[in-house]
Amino acid sequence: MAKTAKEKETKAAAASKETVHPAYGPIHVKCACGTTFATRSTHKGDIHVEICSACHPFFTGKQKLVDTAGRVERFRRKFAKSDAAQATK
Ligand SMILES: [Zn+2]
């Protein structure tokens, strides 16, 4: 089967787009709360986020301390240690 002129044209257009645009492919976004969703991006590899629409207080409607990545807990542990050190002096 012979290729039509239109087929050749679309192939040429696709080739030129590949050279001009960065690779735009499917990726996964992973949140610290455990939620994962697929999207498309020019970003290479998966994206890790600390908060997403599944756990952000605005979407959950719950007032909560946003500490999914354990930052506040780490801070508290650090200062609990220094308090204990001072108490033994
Ligand atoms: Zn989340």
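**Exercise 1.** Identify the residue of β2 that is the bridge partner of K30, and place this bridge within the pairing of β1 and β2.

*Solution.* Step 1: in this predicted model, K30 has T36 as its bridge partner in β2. Step 2: strand β1 covers residues 25-31 and strand β2 covers residues 36-41. The two strands pair in the antiparallel sense, with six bridges between them. Step 3: another bridge of this pairing joins G25 to S41 of β2. Step 4: β1 and β2 form a hairpin, and four residues lie between the two strands. In the turn, G34 has a positive phi of about 105°.

**Exercise 2.** Determine in which sense β1 pairs with β3, and name bridge partners that β3 supplies.

*Solution.* Step 1: β3 consists of residues 47-49, and its pairing with β1 is parallel, over three bridges. Step 2: H48 of β3 is the bridge partner of K30. Step 3: I47 of β3 is the bridge partner of V29. Step 4: K30 therefore has a bridge partner in β2, namely T36, as well as one in β3, namely H48.

**Exercise 3.** Derive the strand order of the sheet and state which strands stand at its edges.

*Solution.* Step 1: β1 pairs with β2 in the antiparallel sense and with β3 in the parallel sense. Step 2: the resulting sheet is open, has three strands in the order β2-β1-β3, and shows mixed pairing. Step 3: β2 and β3 each have a single partner strand and stand at the edges, so one side of each lacks a neighbour in the sheet. Step 4: with direction ignored, neighbouring strands of this sheet are turned against each other by 30° on average. Step 5: along the protein chain, from the N terminus on, the elements run α-β-β-β-α-α, giving three helices and three strands.

**Exercise 4.** Classify A32 and H21 as buried, partly exposed or exposed, and describe where each lies.

*Solution.* Step 1: A32 belongs to the loop between β1 and β2. Within 10 Å it has 17 other C-beta atoms, and it is therefore partly exposed. Step 2: the C-alpha atoms of A32 and C55 are 9.2 Å apart, while the two residues are 23 residues apart in sequence. Step 3: H21 occurs in the loop between α1 (5-20) and β1. Because H21 has 9 other C-beta atoms within 10 Å, it is exposed. Step 4: H21 and T42 are 21 residues apart along the chain, and 9.0 Å separates their C-alpha atoms.

**Exercise 5.** Assess how far β2 and the protein chain as a whole are buried, and what share of contacts joins residues at least 24 apart.

*Solution.* Step 1: β2 is hardly covered, since the count of buried residues among its six residues is zero. Step 2: for the protein chain, 1% of the 89 residues count as buried. Step 3: of the contacts between residues at least 6 apart in sequence, 8% join residues at least 24 apart.

Definitions and conventions
Residues numbered from 1 in each chain as written. Predicted model: local features only at pLDDT ≥ 70, side-chain atom pairs only at ≥ 80, totals over all residues. Pairing = 2+ DSSP bridges. Buried ≥ 20, exposed ≤ 12 C-beta atoms within 10 Å, placed from the backbone. Contact = placed C-beta atoms within 7 Å. Axes fitted to C-alpha atoms, helices over the stretch in contact; angles between N-to-C directions.
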